[in-house]
Amino acid sequence: MNIYRLLTGILLSTLAILLLFAPVGAQQFPDLTQLVKKVEPSVVNVSTSKQVEVGQRELPLPEEFFNRFFGDEFRRFFGDPGHPNGQQRRSSSLGSGFIVSSDGYIVTNNHVVEGADEITIILSDEREFKAEVVGTDATYDLALLKINASNLPALPLGNSDTIEVGQWVFAVGNPFGLSGTVTVGVISAKDRYIGQSVFDSFLQTDASINPGNSGGPLLNLKGEVIGINTAIVSSGQGLGFAIPINTLKSSYEQLKEKGRVSRGWLGVSLQRLTPELARSMGAGAETTGVLVTSVEPDQPAQRGGLREGDIITSFDSQRIERYQDIFRFVARATPGSTVPIEILREGRRQTLRVTLGERPDERRAQVRPRQAEPAPSAASWQFQGIHFEMRDNRVVVQQVEAGSKAYEAGVRRDMIILRANNVVVSDLATLEKAIKERSHNGFVNLLVQHQGANRFIPFQIQQ
């Protein structure tokens, strides 16, 4: 009887385990057959070409021998002896795109069409159309194209903000020129920063994204586009990146109507907030946000009351968790709109209302010309391994002792001291008083100017 009960218990337990995990196993490998058939007609091949100049090089063999055995395919490496100044040839490349409007609007990456003087769209039914560029957004690597066609199958756009890590996705494109290729995977990470720009916020997927997939759609299991395939890491497998589709949705109408995207602008320089910086400024080490290092004159930030040394903790009610967040939040905001900006100033929380300007398309770096270094004055002061001096009516670091806390933190010779513990420094007496009376949590916090840029440097006071 005991053996019977034992065997019965084992059998029932086994059946329960099978029933428990059977639905999960069934969901691990979704059948995309019908979904792919529905989506493929909306994915297009983007073929581009442009004129490039090939430099003149001397043929290593007689021209008749070269033409007979090597031909035009190898001529590009040596140049053309008939063109002493080089020759022109057409360079072509392939990418992907997808239809977003039945009247012929197509989305792809900006880098797919950049510089092209001829763009051809090939549909899944092999019809070919010449395309014109309606608008581009180099910042986010987006391009909107238009072909003269109607009744095209447009893909629905999903919501990339609600996508979850681990969710199934699939990519459709033209890797290596092979049209209609499908790869499957999951979202492996969100809000990825890969160093393309400060606006990076990519979806990471292990669905294979190969050369030629650029500009193609990344879709969820509803057949909605949740990303635009754009980048790969060549040194690793399973590392593909897609632009979140909400980035396109927020700029689509501007691309269509104006051919470019207008973005918000503050006019400040910012620095990543570290725990040491936060403590040195009287805030908690766990404080998140970004630190204002300089404010451009007569720009939105200055007009709205922002100052050097302010810690921006939220923008337009969006909490700043990472350094990159502030750039994306400001860029997505509408120029001319007034937004609340929450700051910490000397440990006290405030809310400013700032009316945003329009971000310039290109901002040239303002490099200050090096000037002859004036002779130092006799006035000097030493603190914690730093030798300060007055030079041309400014407090300058004359020397930093190697091995000191200040040196380890990054203080270097010839740095100009603008502020100490958030006090404007005009002379050595002001500097000494600010350091001795306003240091927080055993830290000194210096705002320095070096090589034309401002940044805060905190260092611990050695006892």
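**Salt bridges, ring pairs and cores**

Arg 438 has a relative accessible area of 32% and is therefore partly exposed, a value that, like the others below, is computed from a predicted model. The side chain of Arg 438 meets that of Glu 346 in a salt bridge, with 3.3 Å from N to O. Because Arg 438 belongs to helix α11 (residues 428-438) while Glu 346 sits in the loop between β19 (338-345) and β20 (348-355), this pair ties together parts that are 92 residues apart in sequence. Glu 346, at 39% relative accessibility, likewise counts as partly exposed.

This bridge can be set beside others, since a search of the whole structure finds 17 salt bridges. In one of them, the side chains of Glu 118 and Lys 130 meet at 3.1 Å, N to O. Glu 118 lies in strand β4 (residues 118-122) and Lys 130 in strand β5 (residues 128-130), so the bridge joins parts that are 12 residues apart in sequence. The two partners fall into separate exposure classes, for Glu 118 is partly exposed at 36% relative accessibility, whereas Lys 130 is exposed at 54%. A further bridge connects Arg 303 with Asp 298, at 3.2 Å from N to O; here Arg 303 counts as exposed at 56% relative accessibility, and Asp 298 is exposed as well, with a relative accessible area of 53%. Elsewhere, Glu 389, Arg 391, Arg 413 and Asp 414 are linked in a network of salt bridges.

From charged pairs we turn to aromatic ones, of which the search of the whole structure finds 4. The rings of Phe 202 and Phe 241 have centres 6.3 Å apart and planes at 70 degrees, and because an angle over 60 degrees counts as edge-to-face, the pair is assigned to that class. The pair links distant parts of the chain, with Phe 202 in strand β10 (residues 202-205) and Phe 241 in strand β13 (residues 240-244), 39 residues apart. Phe 202 is buried, at 6% relative accessibility, and so is Phe 241, at 5%. The rings of Tyr 323 and Phe 327 are also edge-to-face, their centres being 5.3 Å apart and their planes at 75 degrees. Both of these residues, however, lie in helix α9 (residues 323-332), 4 residues apart, which is about one turn of the helix.

How far is α9 covered? Mostly, since 8 of its 10 residues are buried, among them Tyr 323, Ile 326 and Phe 329. What covers these buried residues includes the strands β14 (264-265), β15 (268-272), β16 (290-295), β17 (311-315) and β18 (318-319).

In soluble globular proteins, nonpolar side chains tend to be buried together. In this model the largest nonpolar core has 28 residues, and those with the most contacts inside it are Phe 98, Phe 170, Ile 228 and Leu 248. Elements that give two or more residues to this core include α2 (33-39), β2 (87-101), β12 (225-232), β13 and α6 (245-258), and the largest share, 4 residues, comes from α6. Once its neighbours within four places in sequence are left aside, Leu 248 is in contact with Val 107, Leu 142, Leu 157, Ile 228 and Leu 255. A second, separate core of 23 residues includes Ile 386, Ala 406, Ala 420 and Val 448.

Key:
Residues numbered from 1 in each chain as written. Predicted model: local features only at pLDDT ≥ 70, side-chain atom pairs only at ≥ 80, totals over all residues. Heavy atoms only, no water. Phe/Tyr/Trp six-rings, centres within 6.5 Å; stacked < 30°, edge-to-face > 60°. Buried < 20%, exposed > 50% of the residue type's maximum accessible area, 1.4 Å probe, protein only. Contact = heavy atoms within 4.5 Å. Core = buried A, V, L, I, M, F, W, Y, C linked by side-chain atoms within 4.5 Å. Salt bridge = Lys/Arg side-chain N within 4 Å of Asp/Glu carboxyl O.
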